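Biologist: I should like to go through this structure one question at a time. Please begin with the conventions.

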Amino acid sequence: MDLSKLKKRPSYPFETIAVAVSFSPRCQPLLQQAKQISDVCRASLLLLHIGEKTKEKEKELEEIMDKSGINPNHSRVIWMEGEPVDTILKLCKLNIVDLLILGALEKENLLKFYLGSIARNISRKAKCSVLLLTNPTNAPIKFKKFVVNGVDNPKTIHTINTSLYLAKLLKIKDVSIVNEVDVPGLAMTIAEDSTAPQTKEIKKSFTENSEEVLQLVIEKCDIGNINLNNKIIKGKPGYAISKFARDKKADLLIINSPDTHLNLFDRIFAHDIEYVLADLPSNVLIVHSRV
Amino acid sequence: MVNQLTHTELIVLLLSISTMLIVSRIFAELGKRLKLPVVMGELIVGIILGPTIFGMLYPEAFDFLFPKIGNVPFAMDGIFKLSVIMLLFVAGMEVQLSLVLKQGKVAVYTSMFSMIIPFFTGFAVAWFFPEIFSISNEQGPKLLFSLFFGTALSISALPVIARILMDMNLFKTNIGMVIIASAMFNDLIGWLIFSFILSLTNTTHSDHISLWYTVAYILGFGLFMLTIGKKIIDKTLPWMQTKLSWPGGVLSISLGICLLSAAFTESINIHAILGAFIAGIAFGDSVHLREQAREIIHQFVTNFFAPLFFVSIGLKVNFIENFNPLIVTIVLVLAFAGKVLGATIGARLGGMSRNHALAVGFGMNARGAMEIILGTLALNAGLISKPIFVALIIMALITSLTSGPLMKRFID
């Protein structure tokens with residue numbers, strides 16, 4: 001597999017968008033929303049089905065595509081048998097997919113979560129950006145509020161830029177860039193020998209530092225006429241932004257792709273993206289910056 | 001007949017506790033001006049109030065304030081035991097295993113090597129040269145001491161390290177996070193091993209339960225608390241914090257869980273400290289635990305139980321009589337060499353530059369309060385002699401004092 005085209009490929013624009021087809025009741029609305037997004041991004045649409053190709057399934061897919069307004073001449077359908085997660089990831093790499101759209105439940109039962117559902121496992125491993133749509137409907141997409149992570153990480157600038165690219169296309173005005181302040185061991189450190197003003201000063205310095213870091217990143221981004229709200233929140237990374245997005249009733253939470261290969265331990269001792277995947281607060285876009 | 005404190009004994013108990021609290025606070029505040037760790041001030045107070053100085057100069061007053069007979073020593077022993085349980089609970093509260101996973105390869109390598117190398121260095125020296133430490137050459141005591149000595153050299157002190165990193169403005173840097181994550185992992189493994197060693201020292205227990213049962217109990221309890229126990233705490237905490245009195249509700253429930261867990265591990269012949277430590281991890285790792293609740297628990301334990309515990313150390317041991325320069329030197333050399341080398345190798349293998357890896361090595365070298373607690377428990381369990389205990393205390397203090405300045409050399 002020649003992956004040279006994938007390396008250093010920018011995280012946006014989305015030129016090729018793929019959607020996983022499962023023939024579930026949510027399949028048709030999912031395809032309809034994928035079609036809308038690909039139209040907005042002027043991207044080519046790729047439909048991936050992992051499973052046996054039968055006459056019945058082909059016919060059913062044709063009907064779904066027709067209902068969703070997908071023109072077979074302007075899209076491609078790939079059928080392949082195999083283990084769903086690995087096969088979808090392989091197809092995404094082979095076809096230089098920029099964005100993979102998947103339907104996902106907001107919350108899965110405990111066993112399924114720890115074992116890893118298809119959508120969540122793809123989100124953990126994908127080498128392209130992944131959009132998890134929690135409640136696809138036949139109505140036109142009307143995103144109004146984006147919440148974007150602004151953590152201190154080299155990937156963040158790509159994530160913010162991708163968010164801004166999408167916000168411009170979808171004409172979103174309300175974009176919140178959120179940096180989470182979490183200092184492990186702080187309570188213990190200040191407990192024994194800090195005065196009240198010192199404690200206040202220490203906490204303030206961490207918040208100010210996070211603000212500076214966020215400001216430096218934002219200064220490098222192509223903001224255009226979008227009104228950005230910078231926000232510093234306290235709490236564990238991943239959990240805090242997830243709660244913020246839920247409280248704000250965001251339509252889309254946009255986060256960095258994971259830095260390390262995630263496994264069962266990361267679900268048991270959850271951190272960052274795992275808090276988001278455990279209970280999706282809204283639709284979630286995981287931006288793979290390919291850096 | 002029910003034994004209870006007499007009127008005079010109660011006065012003595014209250015006097016000794018208040019003396020320890022007030023004098024240690026004065027010394028802690030003075031030490032703060034000199035940038036010394038609080039624990040150092042508390043230890044010095046113990047030495048001053050204990051047999052080393054006060055007991056030698058005013059033996060009668062010393063015997064009055066800290067009597068060795070009657071009911072007061074029992075009451076004090078109960079308070080000290082409770083103190084160490086509480087200290088381990090708050091130490092556990094700051095352990096976030098997710099941080100090790102989050103930091104990835106470099107934290108995993110650093111924590112592994114910073115444990116393995118000092119552990120085996122300490123174990124080997126104790127095993128092959130037991131005469132240095134006046135340990136009998138019999139297989140059993142020698143093995144126990146070697147295991148303990150290895151553990152004592154491999155543990156780190158998260159509170160001291162966190163303070164050093166904060167003072168150096170390194171807390172949120174890559175180096176800082178690697179050190180914090182690795183120290184957390186060191187603490188967890190160190191206390192698991194130490195609990196295992198302590199359970200082996202209990203002779204009645206080893207008559208009945210095999211070694212493997214002990215290991216299975218420790219691992220089983222740890223696994224249960226860190227998975228199902230943690231999940232239950234996580235689910236009930238929001239309810240506790242909103243429906244019960246604030247912050248009283250969460251304070252009493254959390255300390256109750258700590259004591260319950262400590263009682264359970266003690267009842268299955270693993271030391272109570274493990275129960276408290278693991279309960280601390282399960283509780284402190286919850287995303288729902290409010291910052292204010294965490295701070296209140298820390299304030300309460302750190303400013304009431306910690307001074308009593310650390311001052312009590314000086315009350316029990318005469319530091320001048322039990323100072324053995326050879327043992328102190330050996331412990332210091334092994335502690336520095338094993339930890340700095342181990343952590344540096346780990347950080348290098350994890351991809352850090354030479355200088356940053358050395359900074360991590362010296363940062364991880366601070367032993368502080370954790371080492372002192374470990375040494376005290378070992379002394380009480382009869383695992384080590386007083387000269388070794390004194391050497392460990394000195395090592396804990398010197399490593400804590402030198403950690404920051406030595407780190408600085410490699411950061412600049």
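Modeller: Domain bounds come from an automatic or database domain assignment. This is a predicted model, in which local features need pLDDT of at least 70, side-chain atom pairs count only at pLDDT 80 or more, and totals for chains, interfaces and linings use all residues. Residues are numbered from 1 along each chain as its sequence is written, while chains are lettered from A and ligands numbered from 1 in the order in which they are written.

Biologist: Into which domains is chain B divided?

Modeller: The assignment gives chain B a domain 1 of residues 7-81. The rest of the division is a domain made of two segments, so the complete answer is domain 1 (7-81) and domain 2 (85-305 + 321-411).

Biologist: Which helix supplies the largest share of the side of domain 1 of chain B that touches domain 2 of chain B?

Modeller: The C-alpha centres of the two domains of chain B lie 26 Å apart. Taking two residues to be in contact if their C-beta atoms, placed from the backbone, lie within 7 Å, five residues of domain 1 of chain B meet eight residues of domain 2 of chain B. Helices (H or I, at least four residues) and strands (E, at least two) are DSSP runs numbered from the N terminus. On the domain 1 side, the largest share, three residues, comes from helix H2 (residues 38-49) of chain B.

Biologist: How many residues of each class are on that side of domain 1 of chain B?

Modeller: Ala, Val, Leu, Ile, Met, Phe, Trp, Tyr, Cys and Pro count as nonpolar, Asp, Glu, Lys and Arg as charged, and the others, Gly among them, as polar. Sorted in this way, the side of domain 1 of chain B that touches domain 2 of chain B has four nonpolar, no polar and one charged residues.

Biologist: Which helices of chain A each supply at least two residues of the side of domain 1 that touches domain 2?

Modeller: Chain A is divided into domain 1 (1-141) and domain 2 (144-254 + 266-275), and 29 Å separate their centres, taken over C-alpha atoms. Eight residues of domain 1 of chain A and seven residues of domain 2 of chain A form the contact. On the domain 1 side, at least two residues each come from helix H1 (27-41) and helix H4 (110-115) of chain A.

Biologist: Which helix provides the largest share of the side of chain A that touches chain B?

Modeller: The contact between the chains joins 23 residues of chain A to 30 residues of chain B. At least two residues of the chain A side are supplied by each of helix H7 (186-191), helix H8 (196-219) and helix H10 (264-268) of chain A. By class, that side has 11 nonpolar, five polar and seven charged residues. Its largest share, four residues, comes from H7(A).

Biologist: Which residues of H8(A) are buried?

Modeller: H8(A) has 24 residues and reaches 34 Å from its first C-alpha to its last, close to the 34 Å expected at 1.5 Å a residue; the expected span is 1.5 Å times one less than the number of residues. A residue is buried if 20 or more other C-beta atoms lie within 10 Å of its own, exposed if 12 or fewer, and partly exposed in between, with C-beta atoms placed from the backbone. The cover over the buried residues of H8(A) includes H6, E7 and strand E8 (227-234) of chain A. Those buried residues are Ser210(A), Leu214(A) and Val217(A).

Biologist: Is Lys171(A) buried or exposed?

Modeller: Lys171(A) is found in the loop between helix H6 (156-169) and strand E7 (174-181) of chain A. Its phi is positive, about 55 degrees, although Lys171(A) is not a glycine. Since there are 10 other C-beta atoms within 10 Å, Lys171(A) is exposed.

Biologist: Where is Pro247(B), which follows a cis peptide bond?

Modeller: The peptide bond from Trp246(B) to Pro247(B) is cis, with omega near 0 degrees. Pro247(B) itself is in the loop between helix H12 (211-243) and helix H13 (248-267) of chain B.

Biologist: How far apart in space are Leu341(B) and Ser114(B)?

Modeller: Leu341(B) lies in helix H16 of chain B. With 16 other C-beta atoms within 10 Å, Leu341(B) is partly exposed. In sequence, Leu341(B) and Ser114(B) are 227 residues apart, but in space, C-alpha to C-alpha, the separation is 7.6 Å.
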